[in-house]
Amino acid sequence: MTGAVPLDPARGKLRAVIKGTGSALPKRIVTNAELAAQVDTSDEWITERTGIKARHVAGEGETTATLGTEAARQALDAAGMTAADIDLIIVATCTPDQTFPAAATIVQNALGCNGGVAFDVAAVCSGFLYAFSVAESMIRAGSAKNALVIGSETMTRLLDWEDRGTCVLFGDGAGAVVLCGEIGERGVLATKLHADGQHNQLLYVDGGPSTTGTVGKLRMQGREVFRHAVTNLSSVMYEVLDDAGLQADAIDWVVPHQANKRIIDATVKKLGLAAERVILTVDQHANTSAASVPLALDVAVRDGRIKSGDLVVLEAMGGGFTWGASLVRM
Ligand code: UT7
């Protein structure tokens with residue numbers, strides 16, 4: 001572990017700056033029409049209620065760690081760095097390759113940078129925001145210098161393919177960012193995280209090593225989750241804006257968790273933001289849990305919408321419940 005860049009009050013604060021982004025998607029794409037041939041649903045219902053048109057589904061040899069590694073390599077390339085520069089790897093996931101060890105250690109070994117810190121964070125769909133916050137704090141505290149923060153999931157392996165209320169909603173993929181300590185105006189300006197454990201039974205997996213000894217299947221009461229999501233996400237976005245002393249109209253881009261287009265629309269409306277400011281990938285990726293925010297971020301960085309200097313808000317909400325937001329000067 002290397003020390004932090006020393007603080008020079010004359011030059012500004014030490015912040016964690018996003019130096020590169022990357023993503024990875026499984027090869028196989030499954031359309032709504034294909035799902036409608038298997039369960040009692042339709043392209044019309046899925047499109048109208050969620051905005052989803054297709055999702056990627058992991059096949060043989062594609063796992064949370066392989067997708068995460070691919071996303072990490074892209075992020076390192078984009079940052080102009082190599083794995084040898086990385087001293088911290090955090091993988092946000094609820095679908096690790098093995099119950100233990102952490103997927104982050106598999107990614108670390110695949111990248112060939114063994115010896116630094118590597119661990120997983122489990123906060124389901126908010127996992128990336130949680131992992132991002134931990135990495136950012138470690139960088140500011142001086143216990144890490146250059147971090148890889150990865151959201152990677154193979155959610156389709158937790159699905160009950162006979163439950164039309166959930167199996168149409170999720171997909172697989174990974175997104176990654178390289179976070180580095182730097183003194184200046186760029187970087188993470190504010191982050192807020194929350195959890196409220198009383199809502200466990202609204203969104204959960206009905207198995208686990210310590211209870212059933214099985215992996216289990218995803219269960220959700222969608223309508224209830226929807227209601228909480230809009231309230232929690234809009235309030236946590238106001239919290240990070242307040243913390244940074246900024247108004248909503250300062251935001252250039254919202255990179256939301258991609259669970260449902262209706263949740264995203266309702267949330268940004270509460271902030272009075274224009275729909276053109278929102279990065280949407282839910283149509284092609286569906287809900288990829290912890291991967292959804294870094295995947296959407298990478299899409300918008302690569303297509304040139306999000307540029308250096310832009311003010312971006314990342315937000316997510318998921319099982320737990322957990323939720324959070326981060327305000328970042330790119
Ligand atoms: O990542 C964070 C966690 N996840 C979320 O944020 C998801 C939050 N929830 C949602 O996105 C939405 O609640 C859903 C998309 C899951 C459901 O949309 P909804 O508008 O809340 O529908 P609903 O659950 O109230 O169901 C309406 C109807 C029901 O039929 P009846 O009882 O009205 O006859 C469902 O049985 O739609 C039916 N339905 C379906 N019909 C066709 C549920 N799933 C399907 C389906 N195809 N796939």
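A crossing of two helices is called right-handed if the near helix is turned clockwise from the far one by less than a right angle, and left-handed if the turn is anticlockwise. In this predicted model, helix α7 passes helix α8 in a right-handed crossing.

**The α7–α8 pair**

Helix α7 spans residues 222–244 and helix α8 spans residues 261–270, and their axes come within 9 Å of each other while crossing at roughly 40°. The two helices are therefore oblique to each other. On the α7 side, the contact is made by Phe226, Ala229, Val230, Leu233, Ser234, Met237 and Tyr238, and on the α8 side by Arg262, Ile263, Ala266, Thr267 and Lys270. Sorted by class, the residues that join α7 to α8 are eight nonpolar, two polar and two charged ones.

**Salt bridges**

The structure holds 11 salt bridges, and three of them are set out here with the separation of their N and O atoms.

| Acidic residue | Basic residue | N to O distance |
|---|---|---|
| Glu62 | Lys27 | 3.6 Å |
| Asp206 | Arg219 | 3.0 Å |
| Asp303 | Arg305 | 2.8 Å |

In the bridge between the side chains of Glu62 and Lys27, Glu62 belongs to the loop between β3 (54–57) and α3 (64–79), whereas Lys27 belongs to the loop between β1 (14–24) and β2 (28–31), so the pair ties together parts that are 35 residues apart in sequence. The two partners also fall into separate accessibility classes: Glu62 has a relative accessibility of 12% and therefore counts as buried, while Lys27, at 74%, counts as exposed.

The side chains of Asp206 and Arg219 likewise meet in a salt bridge. Asp206 is placed in the loop between β9 (203–205) and β10 (218–220), and Arg219 is in strand β10 itself, so this pair ties together parts that are 13 residues apart in sequence. Asp206 counts as partly exposed at 33% relative accessibility, and Arg219 is partly exposed as well, with a relative accessible area of 22%. What network do Asp206 and Arg219 belong to? Together with Asp160, these residues are linked in a network of salt bridges.

In the remaining pair of the table, Asp303 and Arg305 have their closest N and O atoms 2.8 Å apart. Asp303, at 44% relative accessibility, counts as partly exposed, and Arg305 is also partly exposed, its relative accessible area being 30%.

**The surroundings of Thr166**

One member of that salt-bridge network, Asp160, is also among the residues touched by Thr166. Thr166 lies in helix α6, which covers residues 164–167, and with a relative accessibility of 0% Thr166 counts as buried. When residues up to four places away in sequence are left out, Thr166 touches Leu159, Asp160, Leu218 and Met220. Thr166 and Gln221 are 55 residues apart in sequence, and their C-alpha atoms are 9.1 Å apart in space.

**Backbone features in loops**

Two peptide bonds can be described together with the loops in which their second residues are found. The bond from Phe100 to Pro101 is cis, with omega near -5°, and Pro101 lies in the loop between β4 (88–92) and α4 (103–111). The bond from Gly320 to Phe321 is cis too, with omega near -10°; here the second residue is not a proline but Phe321, which is located in the loop between β12 (311–318) and β13 (322–329).

Where are Ala286 and Ser289 found? Ala286 is in the loop between α9 (282–285) and α10 (292–302), and Ser289 is likewise in the loop between α9 and α10. Although Ala286 is not a glycine, this residue has a positive phi of about 60°, and Ser289, which is not a glycine either, has a positive phi of about 55°. Ala286 is buried, with a relative accessible area of 1%, and Ser289 also counts as buried, at 1% relative accessibility.

Definitions and conventions. Residues numbered from 1 in each chain as written. Predicted model: local features only at pLDDT ≥ 70, side-chain atom pairs only at ≥ 80, totals over all residues. Heavy atoms only, no water. Axes fitted to C-alpha atoms, helices over the stretch in contact; angles between N-to-C directions. Helix = DSSP H or I, 4+ residues; strand = E, 2+ residues; numbered from the N terminus. Parallel < 35°, antiparallel > 145°, perpendicular 65-115°, else oblique. Contact = heavy atoms within 4.5 Å. Nonpolar A, V, L, I, M, F, W, Y, C, P; charged D, E, K, R; others polar. Salt bridge = Lys/Arg side-chain N within 4 Å of Asp/Glu carboxyl O. Buried < 20%, exposed > 50% of the residue type's maximum accessible area, 1.4 Å probe, protein only.
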